[in-house]
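Work through the exercises below with the sequence and the model open. Each task is followed by a solution in steps.

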Amino acid sequence: MNPASTNSHPTMLAWPFWILQLTPVASNKDIEKAFNRILAEITMEIPGAEVYPTPKGDQTRDEFSLREARNLLQTPEKRALAEIWYIAPQQATPEKDSAIETPDLDWKQLLGVMK
């Protein structure tokens, strides 16, 4: 996931967890283990290793995005932000989103970021 695109919706700030296929309960040891496993799979060109699920559908990852995700999750302030906005990829499927009727609210206005 392109970190620059995370400004479009706050839940996208959880992208480091999705890339490493972890949840907010992951320890630093879990982060390193997932990073090494996925990097090895990508390096060995195992089919599907570069794809990971997100609430917005499958995305692709590479060595750079893996390293960036690991570094962000090992920085306490940045990890805390990712933990706040974490949603499990299977929780927000398009079918579930379309079944829920909610008004189109601007999250920036609701949080007082913009008027």
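**Exercise 1. Leu66 and the nonpolar core**

Task: which residues does Leu66 contact, leaving aside its neighbours within four places in sequence?

Solution. Contact means heavy atoms within 4.5 Å. With neighbours within four places in sequence left aside, Leu66 touches Ile19, Leu20, Phe35, Ile38, Leu39, Ile42 and Arg61.

Before going on, note the basis: this is a predicted model, in which local features need pLDDT of at least 70 and side-chain atom pairs count only at pLDDT 80 or more, while totals for chains, interfaces and linings use all residues. Residues are numbered from 1 along each chain as its sequence is written, and side-chain values use heavy atoms, with hydrogens and water left out.

Next, place Leu66 in the core. A nonpolar core is a set of buried Ala, Val, Leu, Ile, Met, Phe, Trp, Tyr and Cys residues joined through side-chain atoms within 4.5 Å; buried means under 20% relative accessible area, exposed over 50%, and partly exposed in between (1.4 Å probe, protein chains only). The largest such core has 22 residues, and Leu66 is among those with the most contacts inside it, together with Trp18, Leu20 and Leu22. Helices H1 (15-19), H2 and H3 are the elements that give two or more residues to this core. H2 gives the most, with 5 residues. Helices (H or I, at least four residues) and strands (E, at least two) are DSSP runs, numbered from the N terminus.

**Exercise 2. The packing of H2 and H3**

Task: describe how the axes of H2 and H3 cross, and which residues meet.

Solution. Two packed helices are described by the angle between their axes and the distance between the axes. Axes are lines fitted to C-alpha atoms, for helices over the stretch in contact, and angles run from 0 to 180 degrees between N-to-C directions. The axes of H2 (residues 28-43) and H3 (residues 63-73) come within 10 Å and cross at roughly 180°. The two helices are therefore roughly antiparallel, a term for angles over 145 degrees.

Now list the residues. H2 brings Asn28, Ile31, Glu32, Phe35, Ile38, Leu39 and Ile42, and these meet Glu63, Leu66, Arg67, Arg70 and Leu73 of H3.

Take Arg70 of H3 as a closer case. Arg70 is buried, at 16% relative accessible area. Outside its neighbours within four places in sequence, Arg70 contacts Leu20, Ile31, Glu32 and Phe35.

**Exercise 3. An aromatic pair**

Task: how many aromatic pairs are there?

Solution. Rings of Phe, Tyr and Trp (its six-membered ring) pair if their centres lie within 6.5 Å; planes over 60 degrees apart count as edge-to-face. By this rule there is 1 aromatic pair. The ring centres of Phe17 and Tyr86 are 5.6 Å apart and the planes stand at 80°, so the pair is edge-to-face. Phe17 lies in helix H1 and Tyr86 in the loop between H4 (76-84) and H5 (94-99), so the pair ties together parts 69 residues apart in sequence. Both Phe17 and Tyr86 are buried.

**Exercise 4. Positive phi**

Task: where are Gln21 and Glu45 found?

Solution. Most residues other than glycine have a negative phi. Gln21 has a positive phi of about 55° and is found in the loop between H1 and H2. Gln21 is partly exposed, at 41% relative accessible area. Glu45 has a phi near 55° and sits in the loop between H2 and strand E1 (51-52). Glu45 counts as exposed, at 68% relative accessibility.

How values were computed: Parallel < 35°, antiparallel > 145°, perpendicular 65-115°, else oblique. Phe/Tyr/Trp six-rings, centres within 6.5 Å; stacked < 30°, edge-to-face > 60°.
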